[in-house]
Amino acid sequence: MTIFANTAAVLLAGVAALTLSACSAETKKETNEAAQSAEQDTANNLDAAGDATERAAEKTGDAIDKAAGDAGAAMERAGNNAEAAIERAGDNADAAAARAKQNTGKALEDAGKDMQKPS
C-alpha cells in the first residue's frame, strides 16, 4: 500500500474506534467490517489510479517518441530536398554559363566580321 493508503487506513481505524466506544457489539462488528471494506476500496482505488497514471505516462512517452521520429524524418526529407535544389541550381548555373559563353563567342564573331568590312 502507498503512504496515502496507509494514512487513510489509520484515519478510518481511528474514526471507527472512537465511534465504536459507545456502540453495541453488533454495531461495532458492522462498523469494523464497513471500515475494513472502505480501507480495501481505498487501496483498490489508489492501485487503479496508479495503473492509470502509469498507462498515461507510457502513452505520453510513446507520443513523444513518435513525434521525435516524425521530426527526424521531416528533417531528412528537408535535407534531401535542399540537396536536390542545390544540385538543380548548379545545373541551371552551368547551363546559363554555357549559353553566356556561346552568346559571347557569337558576339565576338559578329564584331570581328563587322571589323573586316570596308568602311
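This is a short tour of a predicted model, with a suggestion of what to select at each stop. Residues are numbered from 1 along each chain as its sequence is written, and side-chain values use heavy atoms, with hydrogens and water left out. Because the model is predicted, local features need pLDDT of at least 70 and side-chain atom pairs count only at pLDDT 80 or more, while totals for chains, interfaces and linings use all residues.

Begin with the whole chain, whose secondary structure comes to 2 helices and 0 strands, where helices (H or I, at least four residues) and strands (E, at least two) are DSSP runs numbered from the N terminus. Of its 119 residues, 6% are buried, a word that here means under 20% relative accessible area, with exposed being over 50% and partly exposed in between (1.4 Å probe, protein chains only).

Next, select Asp70 and Lys66, which form a salt bridge with their closest N and O atoms 2.9 Å apart; the term requires a side-chain nitrogen of Lys or Arg within 4 Å of a carboxyl oxygen of Asp or Glu. Both residues lie in helix H2, 4 residues apart, about one turn of the helix. Asp70 is partly exposed, at 43% relative accessible area, whereas Lys66 counts as exposed, at 56%.

Finally, select Asp51, which lies in helix H2 (residues 25–116) and counts as partly exposed because its relative accessibility is 42%.
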